Amino acid sequence: MSNIDVFLIVDILGTIAFAISGALAAIRKRMDFFGVLIIAFVTSVGGGTIRDLLIGDTPVTWIRSLTSSYVIFFSAMAAIIFRNKLKILRTSLFLFDTIGIGLFTIIGIEKGLMFHLHPFVCIALGTVSACFGGVLRDILCNEIPVIFRKEIYATACISGGIIFFILRHFSVNQDIIYLLTAGTVISIRLMAVIKSWSFPKIEMNTKK
């Protein structure tokens with residue numbers, strides 16, 4: 001399987017995960033059919049759109065190809081149809097969101113490499129791709145974005161990006177790089193929630 005094929009599969013799987021994540025978030029908020037589709041779409045393409053605009057890759061990816069739109073539509077429909085099977089919506093939302101950030105971190109990094117950008121910038125693009133669709137989703141759903149809370153979120157993406165470039169430096173097979181990068185992001189995110197890892201909140205001392 002060529003690198004292009006693997007990249008396309010990762011992109012589609014990430015889009016599916018984020019579309020379902022967005023749809024479940026909208027369903028939790030009791031939105032109508034149109035609202036569910038919009039939130040699913042924004043969650044899936046929001047981070048990638050910001051990434052593409054930052055590096056001047058326009059028209060942005062989802063405008064150049066309808067593949068993402070089709071994938072988002074059918075993923076959102078699946079989430080709507082099987083919503084009663086996903087009885088614990090909060091858990092399902094968390095799992096799909098976690099898978100999404102793991103896969104979209106890779107997409108953002110690879111996009112940066114296509115433009116021959118510095119590894120630091122590529123990791124930043126991977127983090128933007130992974131996190132900012134969720135930021136837009138949470139804002140539209142009237143929630144404080146997860147990335148701005150005390151939970152480990154963007155840090156997991158950055159850690160995955162570091163692993164990506166360490167493995168790339170040692171010429172590890174690209175499929176293995178993808179697997180371990182996504183695995184790192186997903187594992188850190190899961191462990192952070194299970195073990196209640198978090199950064200301390202910044203609080204102001206109001207005492208005089």
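# A walk through an all-helix chain

Let us start with a single meeting of two helices: helix 6 and helix 7 cross in a right-handed way. The model you are looking at is predicted, so take this as a tour of a computed structure. Helix 6 covers residues 119-140 and helix 7 covers residues 154-169; their axes come within 9 Å and cross at roughly 140 degrees. Angles over 145 degrees would count as roughly antiparallel, and this crossing therefore makes helix 6 oblique to helix 7.

Which residues bring helix 6 and helix 7 into contact? On the side of helix 6 you can find Pro119, Cys122, Ile123, Thr127, Ala130 and Cys131. Facing them from helix 7 are Ala154, Cys157, Ile158, Gly161, Ile162 and Phe165. Sorted by class, this contact has 10 nonpolar residues, two polar ones and no charged ones.

Now step back to the whole chain. How many helices and strands does the chain have? There are eight helices and zero strands, and reading along the sequence gives the pattern α-α-α-α-α-α-α-α. The radius of gyration is 17 Å, close to the 17 Å that the globule rule gives for 208 residues, so the chain is as compact as a globular protein of that length. Along its principal axes, the C-alpha trace spans about 55 × 45 × 30 Å.

Next, follow helix 7 to another partner. Helix 8, made of residues 174-194, packs against helix 7 at an angle of about 155 degrees, and the two axes are 8 Å apart. That angle makes helix 7 roughly antiparallel to helix 8. The crossing is right-handed. From helix 7, the contact uses Ala156, Cys157, Ser159, Gly160, Ile163, Phe164, Leu167 and Arg168. Helix 8 answers with Ile177, Tyr178, Leu180, Thr181, Thr184, Val185, Ile188 and Arg189. By class, there are 10 nonpolar, four polar and two charged residues in the contact of helix 7 with helix 8. Cys157 appears in this contact, and Cys157 also takes part in the meeting with helix 6.

Helix 6 has a further partner to visit, helix 2. Here the axes are 7 Å apart and the helices pack at an angle of about 135 degrees. Helix 2 and helix 6 are therefore oblique to each other, and their crossing is right-handed. Helix 2 brings Ile39, Val42, Thr43, Gly46, Gly47, Gly48, Ile50, Arg51, Leu54 and Ile55 to the contact. Helix 6 brings Leu125, Val128, Ser129, Phe132, Gly133, Leu136, Arg137 and Leu140. These residues divide into 10 nonpolar, six polar and two charged.

The loops on either side of helix 2 deserve a look too. Most residues other than glycine have a negative phi, and most peptide bonds are trans. Where does Arg30 sit? Arg30 is in the loop between helix 1 (3-28) and helix 2, and has a positive phi of about 60 degrees although it is not a glycine. In the loop between helix 2 (33-55) and helix 3 (61-64) you will find Pro59. A cis peptide bond joins Thr58 to Pro59, with omega at about -5 degrees.

Finally, compare the model with what a record says. An unreviewed UniProt entry annotates "transmembrane region" at residues 6-26, 33-50, 62-82, 89-109, 115-140, 152-170 and 176-194. In the model, residues 33-50 are 100% helix and 0% strand, with the end C-alpha atoms 26 Å apart. Residues 176-194 are also 100% helix and 0% strand, and their end C-alpha atoms lie 26 Å apart. The unreviewed UniProt entry also places the feature "domain: Glycine transporter" at residues 9-83 and 95-168. Over residues 9-83, the model is 83% helix and 0% strand, and the end C-alpha atoms are 25 Å apart.

Terms used
Residues numbered from 1 in each chain as written. Predicted model: local features only at pLDDT ≥ 70, side-chain atom pairs only at ≥ 80, totals over all residues. Heavy atoms only, no water. UniProt positions renumbered as here; feature names shortened; annotations may be inferred. Helix = DSSP H or I, 4+ residues; strand = E, 2+ residues; numbered from the N terminus. Axes fitted to C-alpha atoms, helices over the stretch in contact; angles between N-to-C directions. Parallel < 35°, antiparallel > 145°, perpendicular 65-115°, else oblique. Left-handed = near helix turned anticlockwise from the far one by under 90°. Contact = heavy atoms within 4.5 Å. Nonpolar A, V, L, I, M, F, W, Y, C, P; charged D, E, K, R; others polar. Rg over C-alpha atoms; globule rule 2.2 N^0.38 Å.
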